[in-house]
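Take a moment to turn the model around on your screen before reading on. The notes below walk through a few spots worth finding for yourself.

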Amino acid sequence: TTLFIIVSKTFTTLETLTNAREARTWLLEELKAKGAIDGSDAKNAEAIKKHFVAVSTALDKVEAFGIDPANAFGFWDWVGGRYSVLSAVGLLPIAAAGISIDDVMKGAADAMERFSVLSPDNDAYKYAAIRNILYRKGKSIEILECYEPNFTLMNEWYKQLFGESEGKDGKGLFPASATFSTDLHSLGQFIQDGSNILFETVVHIAKAQKDFFLKNDATNGDGLNFLSNQNMSVVNQKAYEGTIIAHTEGGTPNMVLEMPEVNESELGYLIYFFEKACAVSGYLLGVNPFNQPG
């Protein structure tokens, strides 16, 4: 009942294929223990096929691994891994998680239309330009932040997207990330009062996915009754507002990207926004944002 999705552009990625080999070995042992196969190569190959799906541009290597090419999803070989989330690379796992990829792509299409307009109001161009201005003023690090814990892995994708796209020819901002308010306790001091080498970009989600109502406590032993009778999102919002004030007063520039709420459409929109902005930012920097010679 187990299906493995192997995602590798060239089907040579060391980390991916060592895991895939281990999964294949485990599966053969399980099937043999259950009497589903007798250990012969032909039956092994046939049994394996229905348990593996691949996403790759190298369909010949997929077949050599033992996956039926009919169970493989291709994508254009000129799409770099960091830009591939809106191809089968990202969409197949997203769909398998029960998320509407139609809605994701609708959001991306809306963003494509919005950010194709040559206008001072084009936020993708504006974001790229401000990054470039701050870089020329001596800032060397951009920290992407969000006050939503579920955004943490989006932070990780952002670091790959901008790091691989701009870090060339001795140029580029170093992309870092933080999840607030957690990382305020580890990085906040440096951001506010440390050396002025960085700026912050905050993804502000206006509407929380989940909320908690803070009730009054009769004893007030923790001294937090001043927060009573309001939602946790209000507290989070005040932390966000206060942090921006403190950090900008400390000399760290802040940009804010407003995201209305977390849903499939907004996710697709945000992904396209970052991809478009990254491409423009790379060209402003004078590097090719789509290769990775290192």
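What follows is a short tour of some helix pairs, a pocket and two backbone oddities.

One thing to keep in mind from the start: this is a predicted model.

**Helices that pack together**

Let's begin with the helix pairs. Here are their angles and axis distances side by side.

| Helix pair | Angle | Axis distance |
|---|---|---|
| α1 (14–33) and α2 (41–49) | about 110 degrees | 11 Å |
| α8 (184–193) and α9 (232–249) | about 35 degrees | 8 Å |
| α5 (101–114) and α10 (264–285) | roughly 45 degrees | within 6 Å |

Start with α1 and α2, whose axes make an angle of about 110 degrees. Angles from 65 to 115 degrees count as roughly perpendicular, and therefore that is the word for α1 and α2. The crossing of α1 past α2 is right-handed. On the α1 side, the touching residues are Arg24, Leu27, Leu28 and Leu31, and they meet Asn44, Ala47 and Ile48 of α2. Sort this contact by class and you get 5 nonpolar residues, 1 polar and 1 charged.

Now hop over to α5 and α10, which cross at roughly 45 degrees. That angle makes α5 oblique to α10. Here, too, the crossing is right-handed. From α5, the contact uses Asp103, Val104, Gly107, Ala108, Asp110, Ala111, Met112 and Arg114, while α10 brings Glu264, Ser265, Gly268, Tyr269 and Tyr272. What's the mix of classes in the contact of α5 with α10? There are 6 nonpolar, 3 polar and 4 charged residues.

The remaining pair is α8 and α9, packed at about 35 degrees. Leu184, Gly188, Ile191 and Gln192 of α8 touch Thr243, Ala246 and His247 of α9. This contact has 3 nonpolar and 4 polar residues, with no charged ones.

**The largest pocket**

Next, look for the largest pocket, with a volume of about 800 Å³. It is lined by 35 residues, and the ones closest to its centre are Val85, Ile94, Met154, Trp157 and Ile271. Which elements give two or more residues to the lining? They are α4 (88–96), α7 (152–166) and α10 (264–285). You've already met α10 as the packing partner of α5. By class, the pocket lining splits into 19 nonpolar, 11 polar and 5 charged residues.

**Two backbone oddities**

Finally, a bit of backbone spotting. Most residues other than glycine have a negative phi, and most peptide bonds are trans. Phe11 goes its own way: its phi is positive, at about 55 degrees, although Phe11 is not a glycine. You'll find Phe11 in the loop between β1 (4–7) and α1.

The other oddity is the peptide bond from Phe180 to Ser181, which is cis, with omega near 10 degrees. Ser181 sits in the loop between β5 (174–179) and α8, and α8 is the helix that packs against α9.

Conventions
Residues numbered from 1 in each chain as written. Predicted model: local features only at pLDDT ≥ 70, side-chain atom pairs only at ≥ 80, totals over all residues. Heavy atoms only, no water. Axes fitted to C-alpha atoms, helices over the stretch in contact; angles between N-to-C directions. Helix = DSSP H or I, 4+ residues; strand = E, 2+ residues; numbered from the N terminus. Parallel < 35°, antiparallel > 145°, perpendicular 65-115°, else oblique. Left-handed = near helix turned anticlockwise from the far one by under 90°. Contact = heavy atoms within 4.5 Å. Nonpolar A, V, L, I, M, F, W, Y, C, P; charged D, E, K, R; others polar. 1 Å grid on protein atoms, 1.4 Å probe; cavity = no way out; pocket = protein on both sides within 12 Å on 5 of 7 lines; lining within 4 Å. Points joined across faces, edges and corners; volume = space filled by probe spheres on them.
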